[in-house]
Amino acid sequence: MRSFNQLVFDQLVRGTAEVTSPAEFNDLLGKADQLTYEIEVEEAGGTNPTISVRHLMCNSGKGFIGLANLINNVSLATLPLRDVKTQGGPLGAMGQVGVTLGGTTPSARVRIWACGRIG
């Protein structure tokens, strides 16, 4: 049963440091037993830009731990990029999405929707 569908990440990302979804979505992403993410990139810059996206989880509220990458070093040479990936449970009490760009001086407009199912 679908419980929610929410835009959880909508940012212009610059550089190679991981950027996470806003904290306001931590509890929402922790409610689901299964998440389906739709990842969209419509514009990118830099030299040989790539993108990696992962689901992060936390139970204690003291720090998030990354689970397996949803996408890993996917080239942004051909846009738009649209991909759908599922993250199954068990998941933590709180969740985040982490976005990391690769390449030289990369930038990208990234949007990620999460559709959650509570079983």
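Me: Which residues does Ile 51 touch, not counting residues up to four places away in sequence?
Reply: Happy to start there, with the caveat that this is a predicted model, where local features need pLDDT of at least 70, side-chain atom pairs count only at pLDDT 80 or more, and totals for chains, interfaces and linings use all residues. Residues are numbered from 1 along each chain as its sequence is written, and side-chain values use heavy atoms, with hydrogens and water left out. Contact here means heavy atoms within 4.5 Å. On that basis the partners of Ile 51 are Val 41, Ile 71, Asn 72, Asn 73, Val 74, Leu 76, Leu 81, Val 99, Thr 100, Leu 101 and Val 110.

Me: Which element gives the largest share of the largest nonpolar core?
Reply: A nonpolar core is a set of buried Ala, Val, Leu, Ile, Met, Phe, Trp, Tyr and Cys residues joined through side-chain atoms within 4.5 Å, and buried means under 20% relative accessible area, with exposed over 50% and partly exposed in between (1.4 Å probe, protein chains only). The largest such core has 26 residues, and Ile 51, Val 53, Val 110 and Ile 112 have the most contacts inside it. Two or more residues come from each of strand E1 (2-14), helix H1 (26-31), strand E3 (34-58), strand E4 (65-75) and strand E6 (94-117). Helices (H or I, at least four residues) and strands (E, at least two) are DSSP runs numbered from the N terminus; the largest share, seven residues, belongs to E6.

Me: How far apart in space are Thr 16 and Ile 51, C-alpha to C-alpha?
Reply: Thr 16 sits in the loop between E1 and strand E2 (19-20), where it is in contact with Thr 100, Leu 101, Gly 102, Gly 103 and Pro 106, leaving aside neighbours within four places in sequence. Thr 16 and Ile 51 are 35 residues apart in sequence, and their distance in space is 9.4 Å.

Me: Why does Thr 16 count as partly exposed?
Reply: The class is set by relative accessible area. Thr 16 is partly exposed because its value is 48%.

Me: What is the radius of gyration of the chain?
Reply: The chain has one helix and six strands, in the order β-β-α-β-β-β-β. The radius is taken over C-alpha atoms, and the globule rule is 2.2 Å times the number of residues to the power 0.38. For 119 residues that rule gives 14 Å, and the chain comes close to it, so it is as compact as a globular protein of that length, with a radius of gyration of 14 Å.
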